[in-house]
Amino acid sequence: MKYSIADVRLQFPLLADETVIFLNASFQQPMNLIVSSAIERYVKESLYEPSPKSKWNAECENVRSKIAKFINAQPEDIVFTRDATESCNLFQRSLKFKPGDNVVLLRNDHPSQTAGWLGLIPEGLEVRYVERGESGPLPYTADTFTDIVDENTIAIGLSSIMFDSGLRNDVKSICDTYRPRGVHVLVDATQEIGFAKIDVRDLGASALVFSVQKGLSCPTGLGLLYVDPEVLPQLRPTPPIMSAGSLSNIKGGSIVPGPYICFQSARRFEHVNKALLQCLALGKYLDFLDAVGITNVQTHLEGLSSYLISELTAIGVETVGPDDQKYRSPHSNVLKLHSPEWLPFFVYNHVYVSQYSCGVRVSFGVYNTKSDVDKFVAVIRKGLQIGLL
Ligand SMILES: Cc1ncc(COP(=O)(O)O)c(C=O)c1O
């Protein structure tokens with residue numbers, strides 16, 4: 001590990017209480033002083049400055065550049081939205097299709113991706129699902145889609161990291177295989193951003209969405225949408241939500257007479273008034289991640305995950321999915337512990353995790369240490385001793 005974990009922990013006051021074993025970053029990270037100072041500044045300037053909005057808007061352009069750099073995109077290809085759901089819908093509803101065309105989704109994917117596609121069924125879109133394997137969750141690769149994608153498939157929609165299994169799908173192989181066949185790939189990276197390095201150009205997705213409340217540690221209310229500039233001309237030119245921000249022919253705050261003209265860039269998807277508070281907070285958190293280094297964060301999280309797995313193996317507790325790191329997220333591991341009694345037992349022991357149908361999800365953040373793993377494994381041992389399964 002190349003950063004001082006002790007210094008990082010100081011930024012997360014909840015963790016000053018050593019009895020708290022916080023392992024729930026994939027749900028929501030604890031508030032930190034980096035983001036809270038950005039919020040405090042926003043409130044202070046709102047209270048004491050006459051019109052800080054213009055200054056904040058200008059700062060948000062810097063934040064756009066920072067987040068673009070963070071995922072290796074150009075600033076003009078990325079826009080601020082309300083959340084991952086809205087980002088998905090903006091792309092989904094911009095795709096051209098005819099009744100009978102289909103989209104391929106993962107049955108167990110997060111509804112922020114799936115729901116938007118369901119909304120297109122009344123217009124004749126067929127929604128096809130890849131079912132979860134009988135032997136339990138596995139990562140999805142290009143091969144997964146061989147028998148389901150056909151000449152009427154307009155898109156594959158999937159998360160890069162699955163919220164319920166912590167497994168990492170091979171998005172690059174999926175894009176490399178299907179995009180040359182004219183199938184778009186819409187990737188939800190909400191469970192990956194801030195935990196792992198993302199390079200959109202290398203991935204080759206048609207569009208990539210995420211919200212900021214997981215690995216980017218910000219309050220809810222802000223999402224991002226990246227659209228591959230080569231895909232933009234293939235989309236409907238009028239965005240599904242038309243706002244003043246979509247239009248290029250506005251002068252002096254009013255729409256000029258004559259036909260409306262939308263921006264040709266991704267900017268047509270953005271509203272004039274953004275979630276400024278969250279944007280400013282995001283800028284500060286990105287500065288922090290830049291100083292620490294996202295690759296260092298990823299390495300640290302992977303180290304904690306492999307330590308966790310080896311400690312669990314020693315006490316006979318299995319995790320979901322293959323061991324190969326290529327198919328695992330750096331930070332999120334799902335333990336095959338299914339009794340509903342585990343969750344209250346964990347809370348009683350000050351352990352914060354989530355439980356889904358695949359098991360108990362343990363998700364690390366930049367602030368976790370091996371000592372957290374040791375304390376957690378000791379709690380599991382106690383649970384096993386009293387007969388929890
Ligand atoms: C994979 C994934 N996508 C999206 C979201 C959130 O979506 P939204 O920002 O639309 O609430 C979550 C979790 O809340 C998630 O786990």
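Strand β7 (residues 207-211) runs parallel to β6, and 3 bridges join the two. A207 in β7 is the bridge partner of L186. Strands here are DSSP runs of E, at least two residues; helices are runs of H or I, at least four residues; both are numbered from the N terminus. Two strands pair if DSSP finds at least two bridges between them.

A word on the model. It is predicted, so I kept local features to pLDDT of at least 70 and side-chain atom pairs to pLDDT 80 or more, while totals for chains, interfaces and linings use all residues. Residues are numbered from 1 along each chain as its sequence is written, and side-chain values use heavy atoms, with hydrogens and water left out.

Now β6 itself. The strand covers residues 184-188, and 5 of the 5 are buried, so the rest of the structure largely encloses it. Buried means under 20% relative accessible area, exposed means over 50%, and partly exposed is in between, with a 1.4 Å probe and protein chains only. Both faces are covered. On one side sit H184, L186 and D188; on the other, V185 and V187.

What does β6 pair with in the parallel sense over 5 bridges? That is strand β5, residues 153-159. D188 in β6 is the bridge partner of S159. Between β5 and β6 the chain passes through helix α6 (residues 171-178), and this β-α-β crossover is right-handed. Right-handed means that, with the strands pointing away from the viewer, the path from the first strand over the helix to the second runs clockwise.

Next, β3. Strand β3 (residues 102-106) is mostly covered, with 5 of its 5 residues buried. N102, V104 and L106 point one way; V103 and L105 point the other. Strand β3 joins β5 through 3 bridges, and they run parallel. There, V103 stands opposite A155. With strand β4 (residues 126-130), β3 shares 5 bridges, again parallel. N102 stands opposite E126 in β4. Helix α5 (residues 111-118) completes a right-handed β-α-β unit with β3 and β4.

Last, the surface. V43, L47 and Y48 make a nonpolar patch of about 370 Å². Patch residues have over 30% relative accessible area and no salt bridge; nonpolar side chains (Val, Leu, Ile, Met, Phe, Trp, Tyr) are joined within 5 Å, like charges within 9 Å. A salt bridge puts a side-chain nitrogen of Lys or Arg within 4 Å of a carboxyl oxygen of Asp or Glu. Areas come from the Shrake-Rupley method with a 1.4 Å probe; for residues, only the protein chains shown count as cover. Y48 belongs to helix α2 (residues 33-48). Is Y48 buried or exposed? Exposed, with a relative accessible area of 67%.
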